[in-house]
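Me: I'm new to reading protein structures. Could you walk me through a few features, starting with the general idea each time?

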Amino acid sequence: MTPMAASVYYPATQPCWYSSYPRRRRDAVVVAASASSSPEETKDVVIVGAGIAGLATALSLRRLGVGATVLEQGPSLRAGGTSLTLFKNGWRVLDSIGVADELRAKYLRVQGMRMRSSVGGRDLREFSFEEEAPGQEVRAVERRVLLETLASNLPPGAISFSSKLKSVAGQGADGTLLELQDGRRLRSKVVVGCDGVNSPIARWMGFSEPRYVGHMAFRGLADYAGAGGQPFEPKVNYIYGRGLRAGFVPVSPTKVYWFICFNSPTPGPKNTDAAALKKEALELVRGWPDDLVAVMRSTPDDSVVKTPLVDRWLWPGVAPSASRGGVVLVGDAWHPMTPNLGQGACCALEDAVVLARRLAPAVLATGVGEALREYERERWGRIFPLTARAGLVGALVQWGNPAVCAVRDGVVIPRLVRLGPFLEHTNFECGLLEPAPPSP
């Protein structure tokens with residue numbers, strides 16, 4: 001029952017429920033024999049995608065003495081997205097790669113959670129993280145700032161912008177050959193697919209499209225810079241309705257993140273009119289508590305996004321392997337999950353550290369295949385249950401039946417929910433990445 005934290009993106013191809021929902025086209029990666037005469041560049045590690053997973057993987061490898069080239073199809077770091085919530089497992093990873101304190105200085109530590117009914121704003125339950133989950137660390141951070149912080153700790157030139165993958169042109173004993181849209185050809189010992197929910201690399205590896213779970217989400221980032229700062233206590237505010245829930249959490253002295261999640265049998269047509277999106281979101285919570293509505297009204301139109309929620313359950317014996325030859329998946333490219341546990345970004349960060357620890361010795365030595373398989377074995381037992389649990393929690397709290405909602409509001413939340421056990425999954429220990437000794 002944590003705030004929605006992970007960003008979700010539109011699937012890259014159109015499943016049956018998606019045919020009426022246009023989106024920005026992302027070309028599929030194809031396997032193709034190349035007739036190009038362009039010279040090949042040889043790399044040890046190429047990371048496809050400069051999102052959270054890609055940049056964290058590059059930074060984790062760098063701390064262990066392994067350089068990586070990060071390919072980003074855009075001309076700059078992605079400025080989209082609003083905010084995401086990181087729990088203590090995410091902060092432990094950021095500690096291990098050396099950027100946590102830089103971010104802590106900018107964002108508020110959330111002290112607890114307040115849960116209310118949409119009917120009259122009636123209080124259902126209030127939690128203190130320190131009392132019910134000692135040692136928990138929760139902060140909402142702006143996605144843009146997190147990306148900039150990770151990127152600034154990489155060496156100049158580590159990120160190659162305007163570098164869109166065209167095809168995986170072949171694999172062999174000497175590595176995987178990648179062709180880019182601009183004609184460049186890279187042969188790399190290891191290719192790390194960090195290209196998000198829409199991952200063309202995951203599709204090339206045989207993964208199914210992410211599954212639409214029947215819920216849509218609005219997200220926004222309110223800005224109080226011109227009002228002398230935001231007025232809220234550092235708590236997650238969660239509000240429950242019927243088939244509809246919403247919430248907000250202070251991010252910094254001037255920013256507040258909010259979300260709405262609502263049931264929808266299909267995503268419906270995409271709306272790119274920013275003002276219309278905000279109006280649609282406000283209409284959903286008409287008559288809800290005034291503080292939520294005030295936060296939404298304080299949000300610039302262009303800071304409101306609407307997305308379908310999707311996931312992919314990695315059933316044993318059914319889902320493809322996370323690696324194929326020297327190609328491996330990390331984060332949302334491998335295991336997109338709904339944001340109901342606030343673990344999408346946290347798990348991507350965990351993946352980065354675990355993969356780097358497994359991979360670095362192998363890259364510096366010889367074969368990498370066993371290292372990639374060890375990474376998958378270590379991570380699968382964690383991310384499959386979390387993906388399933390996030391999906392089930394979302395299904396339960398999105399019930400629209402009045403009798404079920406009455407039991408939820410009158411019995412389950414006030415009497416049965418225990419925050420400590422609910423957040424036990426955040427106790428993951430990634431350990432520290434000991435920096436590699438400087439080269440002589």
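Me: Where does H10 bend, and by about how many degrees?

Reply: A bend at a residue is the angle between two axes, one fitted to the seven residues ending there and one to the seven starting there. Here, H10 bends by about 40° at Trp380. Before going on, note that this is a predicted model, where local features need pLDDT of at least 70, side-chain atom pairs count only at pLDDT 80 or more, and totals for chains, interfaces and linings use all residues. Residues are numbered from 1 along each chain as its sequence is written, and side-chain values use heavy atoms, with hydrogens and water left out.

Me: What does a label like H10 stand for?

Reply: Helices (H or I, at least four residues) and strands (E, at least two) are DSSP runs, numbered from the N terminus. H10 covers residues 369-397.

Me: What span should the 29 residues of H10 have, and how far apart are its end C-alpha atoms?

Reply: You get the expected span of a helix by taking 1.5 Å times one less than its number of residues. For the 29 residues of H10 that gives 42 Å, and the end C-alpha atoms are 41 Å apart, which agrees.

Me: Thr387 is in helix H10 too. Is Thr387 buried or exposed?

Reply: Buried means under 20% relative accessible area, exposed means over 50%, and partly exposed is in between (1.4 Å probe, protein chains only). Thr387 has 1% relative accessibility, so it counts as buried. Its C-alpha atom is separated by 32 Å from that of Lys279, 108 residues away along the chain.

Me: How do I read two helices together, say H1 and H5? At what angle do they pack?

Reply: Axes are lines fitted to C-alpha atoms, for helices over the stretch in contact, and angles run from 0 to 180 degrees between N-to-C directions. H1 (residues 52-63) and H5 (residues 143-152) pack at about 25°, with their axes 9 Å apart. Angles under 35 degrees count as roughly parallel, over 145 as roughly antiparallel, 65 to 115 as roughly perpendicular and the rest as oblique. That's why H1 and H5 are called roughly parallel to each other.

Me: Is the crossing of H1 and H5 left-handed or right-handed?

Reply: Call a crossing left-handed if the near helix is turned anticlockwise from the far one by less than a right angle, and right-handed if clockwise. H1 passes H5 in a left-handed crossing.

Me: How many disulfides does the structure hold?

Reply: A disulfide is a pair of cysteine sulfur atoms within 2.5 Å. The structure holds zero of them. Take Cys347: the closest cysteine sulfur, in Cys346, is 7.0 Å from its own, too far for a bond. Cys405 is in no disulfide either, as the nearest cysteine sulfur, that of Cys261, is 13 Å away. Both cysteines count as buried, Cys347 at 0% relative accessibility and Cys405 at 3%.

Me: How far apart in space are Phe428 and Asn89?

Reply: Compare the gap in sequence with the gap in space. Phe428 and Asn89 are 339 residues apart in sequence, and 5.6 Å apart C-alpha to C-alpha. Phe428 sits in the segment after helix H12 (419-422). Now try Met205, in the loop between helix H6 (200-204) and strand E12 (211-223): Met205 and Gly228 are 23 residues apart in sequence and 51 Å apart in space, C-alpha to C-alpha.

Me: Which residue has a positive phi without being glycine?

Reply: Look at Ser162, with phi near 50°. Ser162 lies in the loop between strand E8 (159-160) and strand E9 (165-172), and is partly exposed at 46% relative accessible area.
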